[in-house]
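Subject: A structure for you to look at

Hi there,

Here is the structure I promised to pass on. Please open it beside this email, and the notes below should help you find your way around.

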Amino acid sequence: MSLAPRRPIRELPDELISQIAAGEVIDRPAAVVRELVDNALDAGATQITVRLVAGGVRSLLVEDDGIGIPADQLTLALRRHATSKIGSLHDLESVATMGFRGEALAAIASVADVSIASRTAEAPHAFRLDARSGELQPAARAQGTSVEVRELFFATPARRKFLKTDATELAHALEAVRRHALVRPDVAFAVWHEGRLIEQWRRADPTQRLRDVLGDEFIESSRAIDIAAGPLRVHGRIGLPEASRSRADQQYAYVNGRYVRDRLIGHGARSAYEDVLHGTRQPVWVLFVDIDPLRVDVNVHPTKIEVRFRDGREVHQAVRRAVEAALALSRHTPVESDGAPSLGAPAGPAPWSVGGLPDTGATALAAAESSDARASLVAGTRPADGPPSEASRWAWNGATASQTRLGLAEVALLHTGEGRPSWGIAPAATQAATQAVSSPSSGDEASVAWPLGRALAQLAGAYILAENAQGLVVVDMHAAHERIVYERLKAAHGHGPVPSQPLLIPATFAATPIEVALAEAQADTLATLGLDVAPLSPGVLAVRSRPAALPDADPVALARSVLAELGDVDASRLVQRARDDLLATMACHGAVRANRPLTLPEMNALLRDMERTERADQCNHGRPTWRQVTLRELDQLFLRGR
Ligand SMILES: Nc1ncnc2c1ncn2[C@@H]1O[C@H](COP(=O)(O)OP(=O)(O)OP(=O)(O)O)[C@@H](O)[C@H]1O
Ligand SMILES: [Mg+2]
């Protein structure tokens with residue numbers, strides 16, 4: 001191998017320094033848009049207009065009505081490391097503006113032709129500075145600033161080659177404006193392309209802005225969230241599982257008003273969907289995390305798209321809880337259009353309980369089955385596939401219902417009793433409740449007022465048909481029941497360790513120093529998960545036991561992936577999820593099979609149980625458990641009223 005001849009060390013020319021620096025910040029027209037809109041917002045603009053030609057490559061103009069730049073500072077604004085936004089390290093640590101590096105304009109000017117026209121409130125007229133020539137001239141415009149950027153990358157052809165078609169660049173530029181628009185409903189935005197107005201968002205309230213930018217569909221299939229947890233507030237809207245997409249292209253996360261791509265927030269939110277969404281589907285959300293600026297470092301990435309939290313777990317947890325709380329409300333729970341679920345709700349019906357409805361119970365539906373399943377969890381085996389024993393069947397006749405409201409927590413309590421469920425219900429109450437469900441007279445208003453209606457019949461052994469105020473309800477019996485059993489199992493087994501099974505021969509593997517450290521530090525957590533992973537010799541870990549319920553799992557792969565996750569997210573969550581996975585498998589086996597004939601009371605019992613169960617709108621795999629066919633849709637089907 002021949003060494004390259006040594007060159008003397010030299011300082012780079014200023015222009016090259018700027019171009020190298022620009023490479024980090026400005027990679028396409030959208031990045032210019034982002035930086036210029038950031039500046040406009042920092043200047044207190046209330047109206048921002050973006051005008052593009054050829055996707056922004058040929059020319060790009062951003063106009064605002066902000067405070068403007070005094071004429072004698074225009075030249076300075078274009079200089080590297082020149083900013084009005086911070087003056088000390090202390091300012092940097094608590095920065096509240098979008099910009100602070102004093103680099104954006106300089107970077108843009110090093111890779112394009114830039115001119116700035118600006119006027120402050122005091123100035124008699126505007127001034128325009130041409131960056132290339134340095135010429136400063138009087139100009140005409142109202143208060144505010146216009147920055148024009150022409151021929152992006154004209155001097156760096158290599159960069160220019162990386163640009164995509166105009167249409168693609170335009171799409172990215174639009175996306176950049178959209179990200180700002182979502183978080184600043186108090187500012188009006190307009191985007192023009194080649195003289196055509198292509199997007200316009202007037203000032204609006206936050207929900208209306210989300211509607212304007214993401215569409216009616218987003219609002220209709222999402223829930224508002226707003227939860228404060230210590231120094232944090234998490235608010236915004238999260239999409240219901242049915243609104244999920246195949247790509248993660250509608251996941252907007254913000255920290256203190258800044259759009260970020262953050263693994264912790266993303267993971268926190270995603271993990272709240274674990275139970276209700278198939279792994280490959282992507283939920284939609286707009287999440288605003290507001291946090292004390294001292295607890296977040298925004299100076300970790302040149303484009304500021306990444307941030308670092310002082311306490312990442314705190315953020316992860318807050319986001320997950322906020323999203324989970326919203327998802328736990330089922331679709332038919334009345335929520336005001338803008339109402340967000342609140343944690344630590346005041347006394348009164350739990351958020352998932354359906355207000356004002358007769359609580360005719362049927363909590364026992366599947367109670368016996370789930371206790372079967374639990375018994376097998378304890379024994380570490382799967383419940384037998386196939387119809388449950390006679391004794392465990394529906395447990396409907398007799399003690400099944402209570403007129404007192406049974407929240408999930410209470411159900412859990414009842415279920416933690418040994419072996420079989422104990423209901424402790426007064427016979428009279430039971431009878432009344434049973435009657436309410438078992439003989440709903442036709443046209444009974446109360447029964448039609450139940451969100452999921454009154455059962456009419458069973459179809460193809462798989463579906464329950466019911467009638468509610470809107471029309472026809474079709475329920476996938478197995479899917480719905482599976483969710484109910486699963487939620488009960490979770491409530492009943494929320495805390496104990498996962499049963500483990502020793503390996504005859506420990507499985508060893510060469511581990512990284514981080515894995516070894518984690519295995520030692522998190523031995524307790526691993527044990528709760530049914531895993532025994534301990535150092536055998538320097539750099540080698542041995543797996544001595546694994547969860548009994550996963551007899552076929554490769555112990556090394558399992559240990560590795562668990563350790564990797566332990567390094568990433570909070571341990572309690574991991575334990576919870578592993579447990580949930582096991583319970584989900586069991587729930588599937590514990591749930592009522594298709595082709596099982598049900599009586600009307602049994603069907604009604606299932607419907608009432610769905611109404612009171614968290615996340616009952618989707619089965620554990622994210623498929624819907626029920627659908628509404630409205631009378632209107634039926635009318636259309638039969639061409640009535642035409
Ligand atoms: N639209 C504008 N209205 C008013 N002042 C502006 C505007 N754009 C830029 N400025 C002034 O020019 C300065 C330099 O802007 P520039 O974007 O280069 O840096 P910055 O915003 O301070 O930091 P960053 O590099 O992080 O964006 C700003 O600090 C601000 O004082
Ligand atoms: Mg800036």
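Proline 513 is exposed, with a relative accessible area of 71%. You will find proline 513 in helix α17. Although 26 residues separate proline 513 from glycine 539 along the chain, their C-alpha atoms are 6.7 Å apart. Please keep in mind throughout that this is a predicted model.

Helix α17 is a good place to stay for a moment. Which residues of α17, which spans residues 513-521, are buried? They are Glu515, Val516, Leu518 and Ala519. These buried residues cover an arc of only 165 degrees around the axis, so they sit on the same side of α17. The other side of α17 carries the exposed residues Pro513, Ile514, Glu520 and Ala521.

Alanine 519, also in helix α17, makes a nice counterpart to proline 513. With a relative accessible area of 1%, alanine 519 counts as buried, because the cut-off for that is under 20%. Leaving aside residues up to four places away in sequence, alanine 519 touches Leu526, Val533, Leu541 and Leu563. Between alanine 519 and proline 535 the C-alpha to C-alpha distance is 7.6 Å, with their positions 16 residues apart in sequence.

Stepping back to the whole chain, there are 22 helices and 22 strands. The chain has 642 residues, and buried ones make up 50% of them. If you take the contacts between residues at least 6 apart in sequence, 70% of these join residues at least 24 apart.

Next, two helix pairs. Helix α7 (residues 166-183) packs with helix α8 (residues 206-214) at an angle of about 160 degrees, and their axes are 8 Å apart. Angles over 145 degrees count as roughly antiparallel, and α7 and α8 are therefore roughly antiparallel to each other. Their crossing, α7 with α8, is left-handed. On the α7 side the contact is made by Arg178, Ala181 and Leu182, and on the α8 side by Arg209, Leu210, Val213 and Leu214. Sorted by class, the residues in the contact of α7 with α8 are five nonpolar, no polar and two charged.

The other pair is helix α10 (residues 263-272) with helix α11 (residues 312-328), whose axes come within 8 Å and cross at roughly 30 degrees. Here the crossing of α10 and α11 is right-handed. From α10, the residues Leu264, Ile265, His267, Gly268, Ala269, Ser271 and Ala272 meet α11 at Gly312, Val315, His316, Val319, Arg320, Val323, Glu324 and Leu327. The contact of α10 with α11 has eight nonpolar, five polar and two charged residues.

How many of the eight residues of helix α5 (residues 104-111) are buried? Eight of the eight are, which makes α5 a mostly covered helix. In order, the buried residues of α5 are Ala104, Leu105, Ala106, Ala107, Ile108, Ala109, Ser110 and Val111. What do the buried residues of α5 pack against? Their partners are the helices α1 (14-25), α2 (29-42) and α3 (74-77), together with the strands β3 (113-119) and β6 (144-150).

Two backbone details may catch your eye. Alanine 54 has a positive phi of about 55 degrees although it is not a glycine. Alanine 54 belongs to the loop between β1 (47-53) and β2, and at a relative accessible area of 10% alanine 54 is buried. Leucine 639 also has a positive phi, near 55 degrees, and is a residue other than glycine. Leucine 639 lies in the segment after α22 (631-637). Is leucine 639 buried or exposed? Leucine 639 counts as exposed, at 56% relative accessibility.

Last, have a look at serine 59, in strand β2 (residues 59-64). Serine 59 counts as buried, at 14% relative accessibility. Residues up to four places away in sequence aside, serine 59 touches Arg51, Leu52, Val53, Glu148, Val149 and Arg150.

Happy browsing, and do write back with any questions.

Best wishes

Note on methods. Residues are numbered from 1 along each chain as its sequence is written. Chains are lettered from A and ligands numbered from 1 in the order in which they are written. This is a predicted model: local features need pLDDT of at least 70, side-chain atom pairs count only at pLDDT 80 or more; totals for chains, interfaces and linings use all residues. Side-chain values use heavy atoms; hydrogens and water are left out. Axes are lines fitted to C-alpha atoms, for helices over the stretch in contact, and angles run from 0 to 180 degrees between N-to-C directions. Helices (H or I, at least four residues) and strands (E, at least two) are DSSP runs, numbered from the N terminus. Angles under 35 degrees count as roughly parallel, over 145 as roughly antiparallel, 65 to 115 as roughly perpendicular and the rest as oblique. A crossing is left-handed if the near helix is turned anticlockwise from the far one by less than a right angle, and right-handed if clockwise. Contact means heavy atoms within 4.5 Å. Ala, Val, Leu, Ile, Met, Phe, Trp, Tyr, Cys and Pro count as nonpolar, Asp, Glu, Lys and Arg as charged, and the others, Gly among them, as polar. Buried means under 20% relative accessible area, exposed over 50%, partly exposed in between (1.4 Å probe, protein chains only). The arc is that of the directions from the helix axis to the C-beta atoms.
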